[in-house]
Amino acid sequence: MIVTTVHVKVKDEFIQEFIEATIKNHRETIKEPGNVRFDVLHVADNPAAFTLYGAFESKDAVAAHKMTSHYNEWRQKVDKMMAQPRNGVPHTVIAPKPGSQW
C-alpha cells in the first residue's frame, strides 16, 4: 500500500477554482485500477489550505496515476493557483493492514 498526503496552499483568489479542479481530478482518480482511496480535505481553520490523501495498491498504480490525462490536466490547471509549491509526503501504512479494512 502506498499512501501520500499532499499539502497545498492556494492563493485566496483561486480557492473555489482549485476546489472545482481538484474534485474533477478526484472523480476520475477513484475510478483508476489500483486506487484504494483519494480524499480531498480542506483545513478547517485555513480556507487556503488543503490536504490530498491518496492510497494506491502499489508503486505501479501510483506511476500509472501520474500518467493519466486527468492528473496532468489538474497539475497544469492548479499550478498558477499555488501560493507555494505543493508538498507530497509519502507514508508507510501501519494499520489497518493493507487490504484488510480498506
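The following exchange takes up a few terms and the values behind them in a predicted model.

Modeller: This is a predicted model, in which local features need pLDDT of at least 70 and side-chain atom pairs count only at pLDDT 80 or more, while totals for chains, interfaces and linings use all residues. Residues are numbered from 1 along each chain as its sequence is written, and side-chain values use heavy atoms, with hydrogens and water left out.

Biologist: Why is Asp79 called exposed?

Modeller: Exposed means over 50% relative accessible area, buried under 20%, and partly exposed in between (1.4 Å probe, protein chains only). Asp79 has 53% relative accessibility, so Asp79 counts as exposed. Its place is in helix 3; helices (H or I, at least four residues) and strands (E, at least two) are DSSP runs, numbered from the N terminus.

Biologist: What makes Ala61, Val62 and His65 lie on the same side of helix 2?

Modeller: These three are buried residues of helix 2, which covers residues 59-66. They span an arc of only 100° around the axis, so they are on the same side of helix 2. The arc is that of the directions from the helix axis to the C-beta atoms. The face turned away from the buried side carries the exposed residues Lys59 and Asp60.

Biologist: What do the buried residues of helix 2 pack against?

Modeller: They pack against strand 1, helix 1, strand 3 and helix 3, where contact means heavy atoms within 4.5 Å.

Biologist: Which residues have the most contacts inside the largest nonpolar core?

Modeller: A nonpolar core is a set of buried Ala, Val, Leu, Ile, Met, Phe, Trp, Tyr and Cys residues joined through side-chain atoms within 4.5 Å. The largest has 16 residues, and those with the most contacts inside it are Val8, Val10, Phe18, Phe50, Trp74, Val78 and Met81. Strand 1 (2-9), helix 1 (15-29), strand 3 (49-56) and helix 3 (69-79) each give two or more residues to this core. Not counting residues up to four places away in sequence, Met81 touches Lys9, Val10, Lys11, Phe14, Glu17 and Phe18.

Biologist: What lines the largest cavity?

Modeller: On a 1 Å grid over the protein atoms alone, a cavity is a set of points where a 1.4 Å probe fits but cannot get out, and lining residues have an atom within 4 Å of a point. The lining consists of Ala21, Lys24, Asn25, Glu28, His70, Glu73, Trp74 and Lys77. Helix 1 and helix 3 each supply at least two residues of that lining.

Conventions:
On a 1 Å grid over the protein atoms alone, a cavity is a set of points where a 1.4 Å probe fits but cannot get out, and a pocket is an open set with protein on both sides within 12 Å along at least five of seven lines; lining residues have an atom within 4 Å of a point.
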